[in-house]
Amino acid sequence: MEKSKILELIKNKITEKIRNLENLIAETRASSNDMKSSMGDKYETGREMLQQEINNLQRQLNEMLNQQSYIQKINGEPSLKVQNGALVKTNKGLFYISASLGEIVFENQKIMTVSAESPLVKAMAGLSKGQDFSINNVNQTVEEIW
(Lines give C-alpha, C1' and ligand atoms only; values in the text may rest on other atoms or scores of the structure.)
Protein backbone atom coordinates (compact mmCIF):
# COMPACT_ATOMS: atom_id res chain seq x y z
CA MET A 1 0.00 0.00 0.00
CA GLU A 2 1.24 3.44 -0.87
CA LYS A 3 0.40 5.44 2.22
CA SER A 4 1.77 8.66 0.74
CA LYS A 5 -0.79 8.54 -2.09
CA ILE A 6 -3.61 7.78 0.34
CA LEU A 7 -2.46 10.67 2.54
CA GLU A 8 -2.46 12.96 -0.50
CA LEU A 9 -6.02 11.84 -1.33
CA ILE A 10 -7.12 12.66 2.23
CA LYS A 11 -5.42 16.08 2.11
CA ASN A 12 -7.20 16.83 -1.18
CA LYS A 13 -10.59 15.78 0.27
CA ILE A 14 -10.10 18.05 3.28
CA THR A 15 -9.05 20.97 1.05
CA GLU A 16 -12.13 20.40 -1.12
CA LYS A 17 -14.43 20.33 1.93
CA ILE A 18 -12.87 23.54 3.25
CA ARG A 19 -13.39 25.25 -0.11
CA ASN A 20 -17.03 24.09 -0.25
CA LEU A 21 -17.73 25.29 3.30
CA GLU A 22 -16.12 28.68 2.60
CA ASN A 23 -18.30 29.05 -0.50
CA LEU A 24 -21.45 28.08 1.44
CA ILE A 25 -20.64 30.62 4.15
CA ALA A 26 -20.07 33.36 1.56
CA GLU A 27 -23.35 32.50 -0.24
CA THR A 28 -25.30 32.41 3.02
CA ARG A 29 -23.86 35.77 4.09
CA ALA A 30 -24.73 37.23 0.70
CA SER A 31 -28.34 36.03 0.96
CA SER A 32 -28.51 37.43 4.49
CA ASN A 33 -27.43 40.83 3.18
CA ASP A 34 -29.98 40.64 0.35
CA MET A 35 -32.98 40.43 2.69
CA LYS A 36 -35.17 43.52 2.67
CA SER A 37 -35.80 45.28 5.96
CA SER A 38 -39.38 46.09 4.95
CA MET A 39 -40.43 42.54 5.86
CA GLY A 40 -40.57 43.41 9.57
CA ASP A 41 -40.56 40.47 12.02
CA LYS A 42 -40.22 37.91 9.23
CA TYR A 43 -37.02 39.67 8.23
CA GLU A 44 -35.57 39.40 11.75
CA THR A 45 -36.55 35.71 12.03
CA GLY A 46 -35.09 34.98 8.62
CA ARG A 47 -31.86 36.80 9.44
CA GLU A 48 -31.54 34.91 12.72
CA MET A 49 -32.03 31.58 10.95
CA LEU A 50 -29.40 32.52 8.37
CA GLN A 51 -27.03 33.58 11.16
CA GLN A 52 -27.53 30.20 12.87
CA GLU A 53 -26.76 28.48 9.57
CA ILE A 54 -23.59 30.59 9.18
CA ASN A 55 -22.54 29.67 12.73
CA ASN A 56 -23.13 25.97 11.99
CA LEU A 57 -21.11 26.17 8.76
CA GLN A 58 -18.37 28.06 10.59
CA ARG A 59 -18.13 25.27 13.21
CA GLN A 60 -17.82 22.70 10.42
CA LEU A 61 -15.17 24.83 8.72
CA ASN A 62 -13.19 25.16 11.96
CA GLU A 63 -13.30 21.37 12.41
CA MET A 64 -12.03 20.85 8.84
CA LEU A 65 -9.25 23.40 9.41
CA ASN A 66 -8.26 21.53 12.59
CA GLN A 67 -8.21 18.25 10.67
CA GLN A 68 -6.13 19.87 7.92
CA SER A 69 -3.63 21.10 10.51
CA TYR A 70 -3.53 17.64 12.12
CA ILE A 71 -3.09 15.80 8.81
CA GLN A 72 -0.12 18.05 7.88
CA LYS A 73 1.78 16.51 10.81
CA ILE A 74 1.32 12.95 9.53
CA ASN A 75 4.09 11.56 7.37
CA GLY A 76 3.95 8.60 5.02
CA GLU A 77 6.56 6.62 6.93
CA PRO A 78 5.84 2.92 7.62
CA SER A 79 4.49 2.06 11.07
CA LEU A 80 5.28 -1.01 13.16
CA LYS A 81 2.37 -0.54 15.54
CA VAL A 82 -1.10 0.98 15.52
CA GLN A 83 -0.62 4.73 15.92
CA ASN A 84 -1.39 8.07 14.25
CA GLY A 85 -0.61 7.83 10.55
CA ALA A 86 -0.76 4.03 10.45
CA LEU A 87 -2.65 2.14 7.77
CA VAL A 88 -4.05 -0.90 9.54
CA LYS A 89 -5.60 -4.01 8.02
CA THR A 90 -7.71 -6.13 10.34
CA ASN A 91 -9.80 -9.16 9.51
CA LYS A 92 -12.78 -6.74 9.42
CA GLY A 93 -11.40 -3.98 7.20
CA LEU A 94 -8.76 -1.44 6.27
CA PHE A 95 -8.35 1.64 8.47
CA TYR A 96 -6.18 4.73 8.04
CA ILE A 97 -5.61 6.55 11.31
CA SER A 98 -5.66 10.19 10.33
CA ALA A 99 -8.60 12.55 9.94
CA SER A 100 -12.12 11.24 10.35
CA LEU A 101 -13.53 11.57 6.83
CA GLY A 102 -15.37 8.27 6.61
CA GLU A 103 -14.87 5.87 3.75
CA ILE A 104 -12.58 6.57 0.82
CA VAL A 105 -11.78 4.35 -2.14
CA PHE A 106 -8.17 3.95 -3.20
CA GLU A 107 -7.19 1.57 -6.00
CA ASN A 108 -10.58 -0.18 -5.73
CA GLN A 109 -10.15 -0.78 -1.99
CA LYS A 110 -12.40 0.71 0.65
CA ILE A 111 -10.47 2.40 3.42
CA MET A 112 -12.10 3.88 6.50
CA THR A 113 -10.37 7.05 7.64
CA VAL A 114 -10.64 7.24 11.40
CA SER A 115 -9.50 9.66 14.06
CA ALA A 116 -7.06 8.61 16.76
CA GLU A 117 -9.84 9.59 19.19
CA SER A 118 -12.28 7.00 17.85
CA PRO A 119 -13.18 4.02 20.05
CA LEU A 120 -11.87 1.64 17.38
CA VAL A 121 -8.41 3.21 17.36
CA LYS A 122 -8.33 3.43 21.15
CA ALA A 123 -9.10 -0.30 21.29
CA MET A 124 -6.21 -1.21 18.99
CA ALA A 125 -3.70 1.55 19.87
CA GLY A 126 -0.16 0.29 20.30
CA LEU A 127 -0.87 -3.19 18.92
CA SER A 128 1.42 -4.91 16.44
CA LYS A 129 0.81 -7.28 13.55
CA GLY A 130 -0.84 -10.50 14.69
CA GLN A 131 -2.32 -9.13 17.90
CA ASP A 132 -6.03 -9.36 18.73
CA PHE A 133 -8.43 -6.80 20.19
CA SER A 134 -12.14 -6.54 20.84
CA ILE A 135 -14.60 -3.71 20.36
CA ASN A 136 -18.37 -3.96 20.88
CA ASN A 137 -17.98 -7.68 21.54
CA VAL A 138 -16.42 -8.18 18.09
CA ASN A 139 -12.97 -9.75 18.06
CA GLN A 140 -10.52 -8.54 15.44
CA THR A 141 -6.94 -9.34 14.51
CA VAL A 142 -4.38 -6.86 13.25
CA GLU A 143 -3.25 -8.53 10.03
CA GLU A 144 -0.97 -5.85 8.59
CA ILE A 145 0.36 -2.39 9.41
CA TRP A 146 1.89 0.03 6.93
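## A guided tour of the model

Among contacts between residues at least 6 apart in sequence, 57% join residues at least 24 apart. Keep that in mind as you click around this predicted model.

**Start with the whole chain.** Show the cartoon and colour by secondary structure: the protein has 3 helices and 6 strands, which follow the pattern α-α-β-β-β-β-α-β-β along the sequence. The radius of gyration is 20 Å, well over the 15 Å that the globule rule gives for 146 residues, so the protein is more spread out than a compact globule. Turn the view along the principal axes and you will find that the C-alpha trace spans about 70 × 35 × 25 Å. Switch on a surface next: about 9,000 Å² is exposed, with carbon and sulfur atoms supplying 45% of this area. Of the 146 residues, 35% count as buried.

**Now look at the helices.** Select Arg-59, which lies in helix 2. Arg-59 has a relative accessible area of 53%, so it counts as exposed. Then add Leu-21 to the selection: the two residues are 38 apart in sequence, while their C-alpha atoms are 9.9 Å apart in space.

**Next, the largest nonpolar core.** Show side chains for Ile-6, Ile-10, Ile-14, Ile-71, Tyr-96 and Ile-111; of the 21 residues in this core, these touch the most other members. Helix 1 (3-34), helix 2 (41-72), strand 2 (93-98) and strand 3 (102-106) each supply at least two of the core residues. Which element gives the largest share? That is helix 1, with 7 residues.

Centre on Tyr-96 and display its surroundings. Leaving aside residues up to four places away in sequence, Tyr-96 touches, among others, Lys-3, Ile-6, Leu-7 and Ile-10. Its contacts also include Ile-74, Gly-85, Ala-86 and Leu-87, as well as Ile-111, Met-112, Thr-113 and Val-114. Apart from this core lies another one of 15 residues, among them Val-88, Leu-120, Met-124 and Ile-145.

**On to the strands.** Select strand 2 and strand 4, which pair in the parallel sense over 4 bridges. To see one of the partnerships, pick Ile-97 and look across to Val-114 in strand 4. Now bring in strand 3: strand 3 and strand 4 run antiparallel and are joined by 5 bridges. Here Gly-102 has Thr-113 of strand 4 as its bridge partner. Zoom in on the turn of this hairpin, where 2 residues sit between the strands and Glu-107 takes a positive phi near 50 degrees.

**Follow the chain past strand 4.** Ser-118 sits in the loop between strand 4 (109-115) and helix 3 (119-124). Is Ser-118 buried or exposed? Its relative accessibility is 16%, so Ser-118 counts as buried. Draw a distance from its side chain to the backbone oxygen of Ser-115, and you will get 2.9 Å.

**Last stop: Gln-140.** You will find Gln-140 in strand 6 (residues 138-145). With a relative accessible area of 6%, Gln-140 is buried. What does its side chain make a polar contact with? The partner is the side chain of Thr-90, at 2.8 Å. Expand the selection to show the rest of the neighbourhood: not counting residues up to four places away in sequence, Gln-140 touches Thr-90, Asn-91, Lys-92, Phe-95, Leu-120, Gln-131, Asp-132, Phe-133 and Ile-135. One of these, Leu-120, also belongs to the 15-residue core visited earlier.

Conventions:
Residues numbered from 1 in each chain as written. Predicted model: local features only at pLDDT ≥ 70, side-chain atom pairs only at ≥ 80, totals over all residues. Heavy atoms only, no water. Core = buried A, V, L, I, M, F, W, Y, C linked by side-chain atoms within 4.5 Å. Buried < 20%, exposed > 50% of the residue type's maximum accessible area, 1.4 Å probe, protein only. Contact = heavy atoms within 4.5 Å. Polar contact = N/O pair within 3.5 Å; in protein donor to acceptor, adjacent residues only side chain to side chain. Pairing = 2+ DSSP bridges. Rg over C-alpha atoms; globule rule 2.2 N^0.38 Å. Areas by Shrake-Rupley, 256 points an atom, 1.4 Å probe, with all protein chains shown as cover.
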